[in-house]
Amino acid sequence: MTIAADGVVIATAIYGVQNPDAAHRLVFTTGWANDRSVWLPLVDQLSNDHSSTIWDLRGHGESQIPAPGSYTRQHALGDLQAVVHEAGVPAVLVGHSLGGYLSLAYTIENPKDISALVLIASGPGFRNPDSRRQWNNSVKASAKTLNQPPGVYEISLHVDSYVIDHLSQITCPVLVLLGERDHRFNSSASLFERELDVRKTVVIPGQGHMVHLKAPTDCAAAIRKFTENL
């Protein structure tokens, strides 16, 4: 367990080797409405030569459930900072969906903490206010069917274009992973290739948004090849 700056208890678990070098120290951040168990098939594939820290977003899994209003981007980044510093810096951030967005935001604000990024089925947010509004409406609609505690959905809302506007400040190496059928995030991959130091974009055939869970062997192979060259 890790304690965030505002006192919220964050559930964590560490797998793999002890005292790894920076290129093999991985911190995994899930997407919205997932818990850290979705990473287990992937971290199992990496356990012989990487250290993998996985954690639950606040209000998810075994992490504490604070009151509504405690799920802003800065709250989530504070949680991620506590996890990263406990894992050891610099670290490689591995993020899926919302977790990738948060990993980007964290790297913008804390570049010295991060040696590289692995973005799995992730996007940088939206500049267009209408696009943000459509996204937020879809999150709110989905939240009604997920039986989450009050306010938890707020962690997945987009309120500005901060991340997409500051992508050029990220200078660390990047690996992009996505499923062939994950059409929503294909355009994000192209944007990342223009704006970031993307060393490789790997598209896993036949897979959708949960590519890390459905094709862990392929994803682990891509991550291992990436970290070997850091």
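Visitor: What makes the seven strands an open sheet, and in which order do they stand?

Guide: In this predicted model, the order is β3-β5-β4-β6-β7-β8-β9, with mixed pairing. A strand is a DSSP run of E with at least two residues, and a helix is a run of H or I with at least four, both numbered from the N terminus. Two strands pair if DSSP finds at least two bridges between them. β3 (12-16) and β9 (197-204) each have a single partner strand, so one side of each lacks a neighbour in the sheet.

Visitor: How do you know that β3 and β5 pair?

Guide: Five bridges join β3 to β5 (residues 51-55), and the definition asks for at least two; the strands therefore count as paired. They run antiparallel. One of the bridges links T12 with W55 in β5.

Visitor: Why is α3 called largely enclosed?

Guide: Buried means under 20% relative accessible area, exposed over 50%, and partly exposed in between, with a 1.4 Å probe and protein chains only. Eleven of the twelve residues of α3 meet the buried criterion, so the helix is largely enclosed by the rest of the structure. Among the buried residues are L98, Y101 and I108. The elements covering them include β4, α2 (73-87), β6 (91-96) and α6, where contact means heavy atoms within 4.5 Å.

Visitor: On what basis are these statements made, and what is the numbering?

Guide: Residues are numbered from 1 along each chain as its sequence is written. Local features need pLDDT of at least 70 and side-chain atom pairs pLDDT 80 or more, while totals for chains, interfaces and linings use all residues, and side-chain values use heavy atoms, without hydrogens and water.
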